[in-house]
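User: I would like a close look at one part of this model, the largest nonpolar core, together with the contacts around it. Please keep the account plain.

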Amino acid sequence: MMLLEQLAMSFTASAAFGILFNSPRDRLLQCGITGMAGWLVYVYAMRLTLDAIPATLLAAIAVTALSQLFSKLYRTPIIVFSVSGIIPLVPGGVAYDAMRNAVQDNYELAVELAVKAFMLSGAIAIGLFFSEVLNRMIRSFGNKP
Amino acid sequence: MADNREITQICLLAGKIILQNGGETYRVEDTMDRIAAAYGIENSHSFVTPTGIIFAIDGSSQLTRLIRISERSTNLEKVSLVNDISRRIGSGSLPADEALTLLQELDETRREYSAIVKTAAAAAASGGFLIMYDGSWGDFFPVLVTGGLGFWLYLVLGRFVTVKFFAEFISALLIGTLAALLVRQGIGSDLDKIVIGSVMPLVPGLAITTAVRDLMAGHLVSGLSKGAEAFLTAFAIGAGIAAVLSFY
């Protein structure tokens with residue numbers, strides 16, 4: 001039940017972001033699915049008691065892989081899907097906590113959380129990167145008969 | 001056969017539309033080179049930054065042109081449509097004059113979701129994030145209100161104030177104030193979760209993604225400047241919320 005709720009909400013949030021970025025109307029469904037798949041990977045990785053950073057990395061890889069698939073299928077630029085899909089993984093909550101502690105003069109905790117937010121953003125970047133590299137490797141192997 | 005002048009115009013227009021609407025820098029160069037090659041120009045060079053495009057054609061009749069990009073917004077549908085046009089040019093089924101007309105039409109149309117739809121989408125996204133970050137359903141209505149109103153103000157300010165990062169700052173200020181008021185009135189319960197959910201629509205997701213993709217493609221200047229844009233936007237949102245929290 002909890003999982004269903006999470007899935008529905010991540011789908012809604014990602015598809016809504018598709019609208020905010022003016023994505024094509026007939027691609028909003030895929031935007032939502034990409035975000036939902038990424039969040040599903042993230043939630044499961046967290047349940048397997050992984051840390052948030054590897055969980056984000058895995059989710060970002062999943063999002064990019066799925067975006068690549070959709071981009072091939074529908075002949076649409078990949079950013080249409082990957083942007084909406086990445087959004088749920090953005091460490092908004094951690095960044096907020098960092099700032100809240102900075103305002104309350106808890107600088108040590110604030111710096112700790114800020115570094116964590118930075119690492120999470122790095123994990124997203126590496127996930128985007130890693131998946132792209134894999135895709136290119138597969139394609140270049142495929143080209144050699 | 002179209003002359004170099006017309007081909008240059010097509011390339012620059014296609015590049016301009018992609019760049020102005022949030023496409024990656026490498027996609028701009030790629031599209032321009034592809035279009036030029038499809039119309040039989042072998043030696044074309046392009047240099048693209050987020051604020052301008054330089055496009056040159058080598059050979060017997062040399063030609064270099066510069067275009068300045070001053071306004072940027074986010075419209076992935078236009079990026080996608082230019083991509084379609086460039087595919088058709090690449091397959092050889094679109095003559096130059098027709099391509100130019102299509103691109104000019106695309107450049108002039110607005111093709112956007114209305115402000116009401118966008119505000120509703122922002123509210124829905126805020127609600128989604130509240131639940132995803134383990135907020136309670138009791139806070140669902142307050143987050144719809146703050147998220148929607150905050151994004152609406154962002155849209156309105158973006159139309160009238162051209163100073164970058166200002167709209168994000170003021171919107172975050174409004175979101176923080178509204179959330180604090182709602183919690184004080186007993187309508188909302190968890191201030192942190194309400195604020196986090198409501199500011200998410202302002203997060204610079206596109207800048208983050210395109211910055212990484214540009215860096216990967218070797219466009220160091222564009223990647224770093226988009227990264228800086230993402231960081232400054234996040235900083236503006238944070239400053240707006242921090243200003244409210246320091247009073248609350």
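Analyst: What follows goes from the core to the two domains of one chain, then to the contact between the chains and one residue there. The model is a predicted one.

The largest nonpolar core has 113 residues, and the members that touch the most others are Ala16(A), Ala60(A) and Ala14(B). The element that gives the most to this core is helix H3 of chain A, residues 52–74, with 10 residues. In chain B, domain 1 (4–108) and domain 2 (115–247) both give residues to the core, so the core lies between these two domains. As a general point, nonpolar side chains tend to be buried together in soluble globular proteins.

Ala14(B) can be followed through its contacts. With neighbours within four places in sequence left aside, Ala14(B) is in contact with Thr31(B), Met32(B) and Ile35(B), and also with Val82(B), Ser86(B) and Leu103(B).

The two domains of chain B come from the domain assignment, which gives 4–108 for domain 1 and 115–247 for domain 2. Their C-alpha centres lie 33 Å apart. The contact between them takes seven residues from domain 1 of chain B and 10 residues from domain 2 of chain B. On the domain 1 side, the touching residues divide into two nonpolar, four polar and one charged.

Next is the contact between the chains. Chain A puts 37 residues into it and chain B 44 residues. On the side of chain A that touches chain B, at least two residues each are supplied by helix H1 (2–20), helix H4 (79–86), helix H5 (92–103) and helix H6 (107–143) of chain A. H1(A) provides the largest share of that side, 10 residues. By class, the side of chain A that touches chain B has 24 nonpolar, nine polar and four charged residues.

Gly92(A) is a residue to look at here. Gly92(A) lies in helix H5 of chain A, a helix that supplies residues to the side of chain A that touches chain B. Not counting residues up to four places away in sequence, Gly92(A) touches Ile196(B), Val199(B), Met200(B) and Val203(B). Gly92(A) has 23 other C-beta atoms within 10 Å; the cut-off for a buried residue is 20 or more, so Gly92(A) is buried. Along chain A, Gly92(A) and Tyr107(A) are 15 residues apart, and their C-alpha atoms are separated by 19 Å.

Notes: Residues are numbered from 1 along each chain as its sequence is written. Chains are lettered from A and ligands numbered from 1 in the order in which they are written. This is a predicted model: local features need pLDDT of at least 70, side-chain atom pairs count only at pLDDT 80 or more; totals for chains, interfaces and linings use all residues. A nonpolar core is a set of buried Ala, Val, Leu, Ile, Met, Phe, Trp, Tyr and Cys residues joined through C-beta atoms within 7 Å. A residue is buried if 20 or more other C-beta atoms lie within 10 Å of its own, exposed if 12 or fewer, and partly exposed in between; C-beta atoms are placed from the backbone. Helices (H or I, at least four residues) and strands (E, at least two) are DSSP runs, numbered from the N terminus. Domain bounds come from an automatic or database domain assignment. Two residues are in contact if their C-beta atoms, placed from the backbone, lie within 7 Å. Ala, Val, Leu, Ile, Met, Phe, Trp, Tyr, Cys and Pro count as nonpolar, Asp, Glu, Lys and Arg as charged, and the others, Gly among them, as polar.
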